[in-house]
Amino acid sequence: MNLDGEWGFTWKQFVPPNADISSAHQFVQFPHLWNEDSTLSSYGYASYALQVVLPKKHPVLALSIPDTYTAYTLYINGKEVAHNGKVGKTPDTTTPFWLPETTTLALFNTDTLSIVLHIANFRHHKGGIRLPIQLGSEKYLQKEHTVAIGLDLLLAGSLLMIGMFFLALYLFGRNEVSVLYFAFICFVFSYRVVGTGLYPLHFIFPSLPWLLTIKAEYFSLYFTATLFSIFVKKLYPNEVNRRVIYGFAGIFGALSLISILFPPYYFTRLINLFFLLVPFLI
């Protein structure tokens with residue numbers, strides 16, 4: 001089940017890990033994005049609190065915790081059970097990181113879970129948490145998490161193999177530029193598969209810098225659209241309008257360049273412009 005609904009919320013304060021929900025300054029609908037609240041800022045830190053009363057009989061439980069914007073520490077009954085990066089009250093003391101986790105609650109032999117969640121963000125244009133935390137059977141949640149990661153890795157591997165196949169077609173005689181562009185589309189978008197969602201790449205290489213991975217994440221999306229625009233022009237040279245298609249390619253190319261040169265706050269805000277343009281491109 002999703003642990004959504006009303007959570008206790010305290011802005012610009014890290015409440016103690018064993019704090020009671022009654023100490024919250026206010027209640028908000030969870031999940032909760034700071035940038036969608038006119039009274040808050042995208043940059044800052046906050047605490048959330050929830051009390052969960054369990055039934056008398058239940059299986060071994062676990063929590064499925066999504067990534068947050070952009071670091072968190074989760075406590076249950078005063079004990080830390082999960083974290084991403086390092087939360088802090090300033091940009092220098094905060095280390096962002098993204099990796100959804102499934103953590104067991106087998107050690108908690110109690111009928112009440114007092115959950116405290118600390119979140120800090122000083123890099124992304126969003127702040128807070130976008131997806132709900134899930135509570136369920138450990139066996140079920142672990143299985144779902146493992147299967148989802150396996151499917152992501154399978155898809156990324158398939159894209160790489162398809163890209164290599166079409167690159168080989170181009171290199172060994174079939175000198176059609178559209179084939180080469182399609183190979184590059186597969187190569188670039190394969191990163192998008194393992195560098196977003198459940199972030200399998202971050203699980204395999206947890207020491208990768210967050211700044212590098214978020215730039216690669218957005219670049220892979222913007223640059224794939226750039227390559228796709230040119231691919232369509234090369235594949236159908238007489239059917240599409242050259243100025244229009246290269247105009248889209250220029251815009252997406254500029255977004256790709258911005259994702260490399262500018263801080264995350266700026267190129268993450270441009271994602272809405274990207275999704276607005278894609279339907280017109282199609």
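How much space lies in the second largest pocket? The points below start there and then move through the rest of this predicted model.

1. The second largest pocket holds about 150 Å³ of space. Its lining includes H58, P59, V60 and L61, along with L105, A106 and F108. By class, 8 of the lining residues are nonpolar, 3 are polar and 1 is charged.

2. Now to the sheet. It is open and built from 3 strands, with antiparallel pairing in the order β8-β5-β11. β8 (101–104) and β11 (134–137) are the edge strands, each with a single partner, so one side of each has no neighbour in the sheet. From one strand to the next, the twist averages 30 degrees.

3. A good pair to look at on screen is β5 (residues 61–65) with β11, which are joined in the antiparallel sense over 4 bridges. Here you will find L63 opposite L135 of β11. Helix α1 (residues 138–171) packs on the sheet and touches β5, β8 and β11, with its direction at about 110 degrees to that of β11.

4. Helix α1 is also worth following into the largest pocket, where its 6 residues make up the largest share of the lining. At least two lining residues also come from each of β5, β8, α4 (210–235) and α7 (271–281).

5. That largest pocket contains about 610 Å³ of space. Of the 34 residues that line it, D67, R130, L131, G197 and Y199 lie nearest the centre. The lining divides into 16 nonpolar, 11 polar and 7 charged residues.

Conventions
Residues numbered from 1 in each chain as written. Predicted model: local features only at pLDDT ≥ 70, side-chain atom pairs only at ≥ 80, totals over all residues. Heavy atoms only, no water. Pairing = 2+ DSSP bridges. Axes fitted to C-alpha atoms, helices over the stretch in contact; angles between N-to-C directions. Contact = heavy atoms within 4.5 Å. 1 Å grid on protein atoms, 1.4 Å probe; cavity = no way out; pocket = protein on both sides within 12 Å on 5 of 7 lines; lining within 4 Å. Points joined across faces, edges and corners; volume = space filled by probe spheres on them. Nonpolar A, V, L, I, M, F, W, Y, C, P; charged D, E, K, R; others polar.
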